[in-house]
Amino acid sequence: MGWEPVKLNDGHVMPTIAFGTWKIGNGQSPIDQVTQALDVGFTHVDTAQAYRNEVEAGKALAKVDRSKVFVTTKYSGLDGLDIDTSIRNSLKNLGTDYVDLYLIHHPRLAKPDIPTAWARMEALKKAGLARSIGVSNFEVADLAILLASAKVKPVANQILLHPYVYIRQLPLLAYCAKHDIVVEGYSGLIPITQYPDGPVSGVIGAISARESVAPEVVLTAWSKAKGATVVTTSRKKERLEGYLKAGDLALTTSDLAKIDAAGAKGIDAVGPFSDDEKAMMRKVESGADLEAATAPAPISQGRSAELTMLTALSALSVFVYFGLMTAEMAGFKVPFWVSPFMLLSIVLDRKAKKIRAANPGL
Ligand SMILES: NC(=O)c1ccc[n+]([C@@H]2O[C@H](COP(=O)([O-])OP(=O)(O)OC[C@H]3O[C@@H](n4cnc5c(N)ncnc54)[C@H](OP(=O)(O)O)[C@@H]3O)[C@@H](O)[C@H]2O)c1
């Protein structure tokens, strides 16, 4: 039990609970907070260009043996800088010559497109600036684009994970598992920090009373039980110790089922899960083929036939129009109803385009 390190798909090893530096500010306080986390026993620090406190994290890291701490930072597209310049700036800020893990913070930052941005990440790994490379907030579709051209797979995808978003994230969790990509869950305590009176609060409260642990310990154990590594934070020493203890809290199948059922009721921010989502959760949890479970609906035969007919009619109207125009130029008298053929061709063509846009496979 505990927080056993995980072996990544590139052979490196990552501690499975990280102390994050988002929103912990600047100046002496974040230096003290990172130092406290390291003292308490955290061996993974998660920061980002966008958190604007890599310098402070670096000052805390300077006090310990660099090789004993796993450092993650992220390309956040700050100041419009490219990936290469950004990681070099981050390394300078952190006072290190490599990071253990470098993530693209969000797919929209992968410019000009995901394959090109990922090729730059692969070059950083090759140059030794990042030992491992990964992504954050990537959906299944983003990962599919990335994997189609990747020479090196991302080792991790850092995503939002708590009971109220669990069902929506399930296809992503299953897709990552299938492709040996570790899921790092962040903001797992949202049910406590933002929705203290939400549907899961009662269940979490009951388990926390039974186990004599704080509610954040139960939620942290829930993330672990879902196969995710955890990225969390706290200014308080006792909370940090609680997060670490959560590694030893084995929630029962019944605990997990109760938390999931309460999470499925949703909260205003994400709403209740639809019947389709719940059905998909059952499919994924029962081990159904994920690609099949989440693939877009197959294009109906009818739609395909309609498109063929529209394309043929459009071509026929153009043919009739130009045929009759040629005849007119050759001196034949062409009837007045010729010109609508061109218009008809345009209308049919537009309809065909709409069908193609809605059915990319056609
Ligand atoms: N990749 C991304 O896009 C992304 C996005 C968001 C976050 N992250 C990473 O994940 C890290 C953690 O994010 P997060 O802060 O949203 O995570 P979180 O683990 O959900 O929340 C941590 C916060 O919960 C508070 N907390 C803990 N127990 C509590 C309780 N019983 N009652 C009230 N408050 C309680 C702590 O406050 P105290 O300090 O008072 O203990 C702390 O500020 C970030 O620092 C960042 O590294 C990544």
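Let's start with one pair of residues: phenylalanine 19 sits opposite valine 45 in β4. That pairing belongs to a parallel match between β3 and β4, held over 2 bridges. To get from β3 to β4 the chain travels through helix α1 (residues 28-40), and this β-α-β crossover is right-handed. Keep in mind that what you're looking at is a predicted model.

**The whole protein**

Zooming out, the protein has 15 helices and 10 strands. It is 362 residues long, and 38% of them count as buried. Take the contacts with a separation of 6 or more: 73% of these come from residues 24 or more positions apart.

So what do the strands β3 to β10 build? They form a closed barrel of 8 strands, in the order β3-β4-β5-β6-β7-β8-β9-β10, with parallel pairing. On average, and ignoring direction, neighbouring strands of this sheet are turned by 30° against each other.

**Walking along the barrel strands**

Here are some of the parallel strand pairs, with a facing residue pair for each.

| Strand pair | Bridges | Facing residues |
|---|---|---|
| β3 and β4 | 2 bridges | Phenylalanine 19 and valine 45 |
| β4 and β5 | 3 bridges | Valine 45 and valine 71 |
| β5 and β6 | 4 bridges | Tyrosine 75 and isoleucine 104 |
| β9 and β10 | 3 bridges | Tyrosine 186 and valine 231 |
| β3 and β10 | 3 bridges | Alanine 18 and valine 231 |

Valine 45 turns up twice: phenylalanine 19 stands opposite it, and its bridge partner in β5 is valine 71. Valine 231 in β10 also gets two mentions, facing tyrosine 186 and alanine 18.

Now look at β3 itself (residues 17-20). Which way do its side chains point? Ile17 and Phe19 go one way, Ala18 and Gly20 go the other, and all are buried. In a regular strand, side chains alternate between the two faces of the sheet.

Strand β5 (residues 70-75) is mostly covered too, with 6 of its 6 residues buried. On one side of the chain path, β5 belongs to a right-handed β-α-β unit with β4 and helix α2 (residues 54-61). From β5 the chain then crosses through helix α3 (residues 83-94) to β6, and that β-α-β crossover is right-handed as well.

**A lysine in a loop**

Between α2 and β5 there's a loop, and lysine 63 is found in it. Is lysine 63 buried or exposed? It is exposed, because there are 11 other C-beta atoms within 10 Å, and a residue with 12 or fewer counts as exposed. Lysine 63 and threonine 35 are 28 residues apart in sequence, while their C-alpha atoms are 8.2 Å apart in space.

**Two helices side by side**

Finally, have a look at helix α8 (residues 201-211) and helix α11 (residues 253-264). Two packed helices are described by the angle between their axes and the distance between the axes. The axes of α8 and α11 come within 8 Å and cross at roughly 155°. Angles over 145 degrees count as roughly antiparallel, and α8 and α11 are therefore roughly antiparallel to each other.

Which residues of α8 and α11 meet? From α8 come Val203, Ile204 and Ile207, and from α11 come Asp255, Lys258, Ile259 and Ala262. By class, this contact has 5 nonpolar residues, no polar ones and 2 charged ones.

Conventions:
Residues are numbered from 1 along each chain as its sequence is written. This is a predicted model: local features need pLDDT of at least 70, side-chain atom pairs count only at pLDDT 80 or more; totals for chains, interfaces and linings use all residues. Axes are lines fitted to C-alpha atoms, for helices over the stretch in contact, and angles run from 0 to 180 degrees between N-to-C directions. Angles under 35 degrees count as roughly parallel, over 145 as roughly antiparallel, 65 to 115 as roughly perpendicular and the rest as oblique. Two residues are in contact if their C-beta atoms, placed from the backbone, lie within 7 Å. Ala, Val, Leu, Ile, Met, Phe, Trp, Tyr, Cys and Pro count as nonpolar, Asp, Glu, Lys and Arg as charged, and the others, Gly among them, as polar. A residue is buried if 20 or more other C-beta atoms lie within 10 Å of its own, exposed if 12 or fewer, and partly exposed in between; C-beta atoms are placed from the backbone. Two strands pair if DSSP finds at least two bridges between them. A crossover is right-handed if, with the strands pointing away from the viewer, the path from the first strand over the helix to the second runs clockwise.
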